[in-house]
Amino acid sequence: MISASAASPTPPAQSSGADVPAQRQEPAALQTAIGYLDAVDEATATLYEVVGDLDQLTVRGPSLLAGWSRAHVITHLARNADALVNLLTWAKTGVEHQPYASRADRDADIEEGAGRSLQLLRADLDWACLRFAAAARDLPPGAWEAEVAAPQGTSMIAHQVPFLRLREVWLHTVDLDRGVTLTDVPERWLEPFLDDAVTLLDGRADVPALRLEVDLPGTGQRTWEINIGGNDSSVTVRGSASDVLGWLTGRRDGSGLGGNPPRLPDWA
């Protein structure tokens with residue numbers, strides 16, 4: 001449900017490594033990937049807790065995504081891990097491996113997989129997460145600088161692949177609607193997630209001109225612009241980072257925001 005973008009979201013500040021001899025410092029792309037992968041592990045632990053509390057009844061209940069049960073969301077998270085393994089394989093071998101054969105195949109796999117028992121859903125998710133972790137662990141340092149194609153078809157650098165997984169796990173864990181909300185997303189990831197959401201919406205003809213004034217935790221306010229470019233009819237929307245992120249990604253209706261936020265198209 002969450003499309004990847006060609007954006008390069010700004011990772012949290014990292015140590016300069018000034019106290020480490022130059023010959024021992026890891027390449028920048030590898031450092032970025034490691035930071036994302038550590039965060040993926042944390043997010044996946046939260047996902048496992050939520051999925052572990054489900055039973056045969058609740059897993060069939062509706063998620064926050066229209067038309068999808070929680071079983072659909074879990075299946076999608078498993079297939080997304082495999083799709084990103086394809087991109088890491090591409091980066092490692094130099095041979096093109098598209099994330100999905102087609103959008104239709106992707107949707108069919110999710111629909112078919114959602115009908116399985118809770119035990120099989122959990123096992124599938126677990127093995128898919130392990131495959132992703134193994135593919136990332138086995139990637140040579142230089143391969144993190146390889147260019148691959150994001151699920152949308154735009155190009156990206158391999159070290160951004162773990163960021164896609166991080167975003168996917170957090171947003172879809174929220175979609176399971178079992179107590180985890182966007183306010184539970186670690187504060188350090190809210191700004192990169194907003195960067196990415198804005199990039200995905202900017203330039204779309206079905207998105208109005210917007211000016212976003214966002215209160216970031218601990219760092220003050222930051223402004224983003226979407227489809228403005230000299231447009232005097234833009235709407236200014238104000239709110240907290242988690243509220244704005246929820247609205248941009250279709251997880252919240254915008255009722256907690258200032259500035260009369262317009263309806264946005266469905267998150268693709």
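**Entry 1: helix α5 and H172**

I began with H172, which I found in helix α5, the run of residues 161-175, and I note at once that the model I am reading is a predicted one. I then looked up how far H172 is covered: its relative accessible area is 0%, so I entered H172 as buried. For a side-chain partner of H172 I found D175, and the polar contact that joins the two side chains is 2.8 Å.

**Entry 2: aromatic pairs**

How many aromatic pairs does a search of the whole structure find? I recorded 3 of them. One of these is made by Y36 and W189, whose ring centres are 5.7 Å apart and whose planes stand at 45°, so I wrote this pair down as tilted. Since Y36 belongs to helix α1 (residues 28-52) and W189 to helix α6, the pair ties together parts that lie 153 residues apart in sequence. I also checked the cover of these two residues, and both Y36 and W189 are buried.

I went on to F163 and F193, where the ring centres are 5.7 Å apart and the planes are at 65°; because planes over 60 degrees apart count as edge-to-face, that is the label I gave to F163 and F193. F163 lies in helix α5 and F193 in helix α6, so here parts that are 30 residues apart in sequence are tied together. Are F163 and F193 buried or exposed? F163 has 1% relative accessibility and therefore counts as buried, and F193, with a relative accessible area of 2%, is buried as well.

Putting the rings together, I noted that ring pairs link Y36, F163, W189 and F193 into a cluster. In a separate place I looked at Y100, and there R106 lies over the face of the ring, at 5.9 Å from the ring centre.

**Entry 3: the sheet**

I turned next to the strands, and found an open sheet of 3 strands in the order β4-β3-β5, with mixed pairing. Its edge strands are β4 (220-226) and β5 (235-240), each of which pairs on one side only, and the twist from one strand to the next averages 20°.

In which sense does β3 pair with β4? The pairing of β3 and β4 is antiparallel and runs over 7 bridges. To follow this pairing residue by residue, I looked up L210, whose bridge partner in β4 is I226, and R211, which stands opposite E225 in β4. The hairpin of β3 and β4 has 3 residues between the strands, and in this hairpin I noted that G218 takes a positive phi near 80°.

With β5, strand β3 (residues 210-216) pairs in the parallel sense, over 6 bridges. On this side I found L212 opposite V237 in β5, and V214 opposite G239 in β5. I also looked up how much of β3 is covered, and entered the strand as mostly covered, with 5 of its 7 residues buried.

**Entry 4: helices across the sheet**

Which strands does helix α6 lie across? Helix α6 (residues 187-201) lies across β3 and β4, and I recorded that it runs at about 15° to β4. Helix α7 (residues 241-248) lies across β3, β4 and β5, and its direction is at about 140° to β3.

I wanted a particular residue for the meeting of helix α6 with the sheet, and I chose D195, which has its place in that helix. With a relative accessible area of 10%, D195 is under the 20% cut-off, so I counted D195 as buried. Which side chain does D195 reach in a polar contact of 2.9 Å? The partner is W224, joined to D195 side chain to side chain; the two residues are 29 apart along the chain, and their C-alpha atoms are separated by 8.3 Å. W224 falls within β4, since that strand takes in residues 220-226.

**Entry 5: looking back**

Reading my entries again, I see helix α6 in several of them: this helix holds W189, in the pair with Y36 of helix α1, F193, in the pair with F163 of helix α5, and D195, whose side chain makes the polar contact with W224. Helix α6 is also the element that I found lying across β3 and β4.

How values were computed:
Residues numbered from 1 in each chain as written. Predicted model: local features only at pLDDT ≥ 70, side-chain atom pairs only at ≥ 80, totals over all residues. Heavy atoms only, no water. Pairing = 2+ DSSP bridges. Helix = DSSP H or I, 4+ residues; strand = E, 2+ residues; numbered from the N terminus. Axes fitted to C-alpha atoms, helices over the stretch in contact; angles between N-to-C directions. Contact = heavy atoms within 4.5 Å. Buried < 20%, exposed > 50% of the residue type's maximum accessible area, 1.4 Å probe, protein only. Polar contact = N/O pair within 3.5 Å; in protein donor to acceptor, adjacent residues only side chain to side chain. Phe/Tyr/Trp six-rings, centres within 6.5 Å; stacked < 30°, edge-to-face > 60°. Lys NZ or Arg CZ within 6 Å of the ring centre and 35° of its normal.
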